[in-house]
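Biologist: I'd like to learn how to read a few features off a model. Could you walk me through them one at a time?

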Amino acid sequence: ANWAVAALKLVLGALAGSTALSADGLHSFIDGGSNVIGLIAMAVAARPPDADHPYGHEKFEALASLAIGAMIGIGMFEIGRRAIDGLVNDQRPEVTALMIWATAGTIVVNVVITSLEHRAGKALHSPLLIADARHTLSDVFVSMAVLASLLLSRSQVPRADSLVALGVLGFVGWAAWQV
């Protein structure tokens with residue numbers, strides 16, 4: 001689901017020239033990668049103790065949480081680079097109604113994903129699922145900021161797209177800290 005959302009945002013962001021929407025797509029792509037890392041880590045962590053790991057493999061979930069944080073950091077670098085470029089060059093996206101509705105739809109999808117993942121993390125006492133739910137929740141806030149950016153850009157507010165993209169860095173940074 002995260003990669004489908006990411007693909008939609010990346011394509012629409014590229015078509016419109018929206019740094020904020022493309023950055024949001026990158027963030028969603030990172031969420032999808034985090035899910036894959038999480039699934040692999042949970043499979044490893046569930047293994048019983050063995051000769052090399054007499055106390056079990058549970059620590060692999062914590063290591064996977066660190067990997068998620070590193071992925072967020074990489075995304076922050078890319079978002080910042082594109083946002084600064086957009087500010088310097090006053091890039092303005094061509095905002096369509098499809099972009100606005102697609103962004104609103106991704107907010108709904110991410111709220112559902114976050115809720116399900118957080119509940120599962122609590123029920124299973126999984127720090128990895130809880131960390132990934134927090135990461136996905138940051139995507140909700142990012143998408144809300146991007147939606148505002150699209151509406152402001154459509155109203156011809158200069159540099160709104162790039163300024164919101166820089167604001168996205170704050171949300172992404174907070175998610176990295178939480179993870």
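Biologist: Let's start with Arg92: how does its relative accessibility class it?

Modeller: Keep in mind that this is a predicted model. Arg92 has a relative accessibility of 39%, and because the partly exposed class runs from 20% to 50%, that is where Arg92 falls.

Biologist: And which side chain does Arg92 meet in a salt bridge?

Modeller: The general idea is that oppositely charged side chains can pair once their charged atoms come close. Here the partner is Asp90, at 3.4 Å from N to O. Asp90 is partly exposed, at 25% relative accessibility.

Biologist: How many salt bridges turn up in the whole structure?

Modeller: Two. Besides the Arg92 pair, there is one between Asp24 and Lys9, with 3.2 Å from N to O. Asp24 sits in helix α2 (residues 19-45) and Lys9 in helix α1 (residues 2-16), so this bridge ties together parts 15 residues apart in sequence.

Biologist: Are Asp24 and Lys9 buried or exposed?

Modeller: Buried: Asp24 has a relative accessible area of 0%, and Lys9 comes in at 2%.

Biologist: What about aromatic rings? How do I read a pair of those?

Modeller: You look at two things, the distance between the ring centres and the angle between the planes. The count for this model is one aromatic pair. Trp3 and Phe29 make that pair, with centres 5.8 Å apart and planes at 25°, and it is classed as stacked. Trp3 belongs to helix α1 and Phe29 to helix α2, so the rings link parts that are 26 residues apart in sequence. Trp3 is partly exposed at 43%, and so is Phe29, at 45%.

Biologist: Now a helix residue: where does Thr114 lie, and which backbone oxygen does its side chain reach?

Modeller: A handy rule first: an α-helix has 3.6 residues a turn, so residues three or four places apart point the same way. Thr114 is in helix α4 (residues 97-124), and its side chain reaches the backbone oxygen of Asn110 at 2.8 Å. Thr114 is buried, with 10% relative accessible area. Leaving aside residues up to four places away in sequence, Thr114 touches Ala133, Thr136, Leu137 and Val140.

Biologist: Last one: how far does helix α5 reach, and what is found at its start?

Modeller: Helix α5 covers residues 127-154, 28 residues in all, and spans 41 Å from first C-alpha to last, close to the expected 40 Å. At its start, a side-chain oxygen of Ser126 comes within 3.1 Å of the backbone nitrogen of Leu129. Just after α5, Gln156 has a positive phi of about 65°.

Technical notes
Residues numbered from 1 in each chain as written. Predicted model: local features only at pLDDT ≥ 70, side-chain atom pairs only at ≥ 80, totals over all residues. Heavy atoms only, no water. Helix = DSSP H or I, 4+ residues; strand = E, 2+ residues; numbered from the N terminus. Expected span 1.5 Å × (residues − 1). Polar contact = N/O pair within 3.5 Å; in protein donor to acceptor, adjacent residues only side chain to side chain. Buried < 20%, exposed > 50% of the residue type's maximum accessible area, 1.4 Å probe, protein only. Contact = heavy atoms within 4.5 Å. Salt bridge = Lys/Arg side-chain N within 4 Å of Asp/Glu carboxyl O. Phe/Tyr/Trp six-rings, centres within 6.5 Å; stacked < 30°, edge-to-face > 60°.
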